[in-house]
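Visitor: Please take me through one part of this model in close detail. I would like the contacts and the distances, kept brief.

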Amino acid sequence: MWFRVVVGGLALAGGLAATGLVPGDSTQATVEHCSVRYSGSPETRSTKCTGHWSRFGATFTGEIDGVEVVSFWQVIPPYPGPGEWGEVAVPDDDAVRVRPAVAVPGLATVTPWKVWSVRVALAVEAVSWIVLLVHLVWARRRKPVTA
């Protein structure tokens, strides 16, 4: 039974670290650079972005998944041809650059449904872990003393 408590505690700590709820961490990722590749129609547009966030008191950089590059973001010359990657200027607006994120060293996601799914799952896990711990303590207190 204690094994489950330890495993649950480690999973909870990992979830806290991934969502940035550990002291010294950030729940936000800052988008620095984005590139776009057009493969014909706008529906087949691919994007990739990089940026930074903090984890465990250190700053990490890497890929940021889920950034929606809007069509009015300016393409930085030289202009890419069809099927080539071209860098776009990320607006200076903090609402665009700084996003709620779930991150580990090297990769962050800012896709809203992913961020909220992880946060809700973490809350459910935390409540379950606390209930289990209280149950273990309560059961230990009620155990009859045998002589």
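**A close look at Arg99**

Guide: This is a predicted model. Arg99 touches Thr27, Gln28, Ala29, Gly66, Val67, Glu68 and Val110, leaving aside residues up to four places away in sequence. Arg99 itself sits in strand E5, which covers residues 98-100.

Now the charge. Arg99 is buried, yet it has no salt bridge. Glu68 is the nearest side chain of opposite charge, 7.0 Å away. A salt bridge needs a side-chain nitrogen of Lys or Arg within 4 Å of a carboxyl oxygen of Asp or Glu, so the pair does not qualify at that distance. Glu68 is still among the residues that Arg99 touches. A polar atom of the Arg99 side chain does lie 3.0 Å from the backbone oxygen of Val96.

One contact of Arg99 leads on to the disulfide. Gln28 is among the residues touched by Arg99, and strand E1 covers residues 28-39. Cys34 lies in that strand E1 and Cys49 in strand E2 (residues 41-55). The two cysteines form a disulfide, with their sulfur atoms 2.1 Å apart. The count comes to 1 disulfide. The link of Cys34 and Cys49 is right-handed, with 110 degrees about the S-S bond. The pair therefore ties together parts that are 15 residues apart in sequence. Cys34 is buried at a relative accessible area of 0%. Cys49 also counts as buried, at 2%.

Last, a stretch further along. UniProt, in an unreviewed entry, places a "transmembrane region" at residues 116-138. In the model, residues 116-138 are 100% helix and 0% strand. The end C-alpha atoms of that stretch are 33 Å apart.

Methods. Residues numbered from 1 in each chain as written. Predicted model: local features only at pLDDT ≥ 70, side-chain atom pairs only at ≥ 80, totals over all residues. Heavy atoms only, no water. UniProt positions renumbered as here; feature names shortened; annotations may be inferred. Helix = DSSP H or I, 4+ residues; strand = E, 2+ residues; numbered from the N terminus. Buried < 20%, exposed > 50% of the residue type's maximum accessible area, 1.4 Å probe, protein only. Lys, Arg positive; Asp, Glu negative; His and termini not counted. Polar contact = N/O pair within 3.5 Å; in protein donor to acceptor, adjacent residues only side chain to side chain. Contact = heavy atoms within 4.5 Å. Disulfide = S-S within 2.5 Å.
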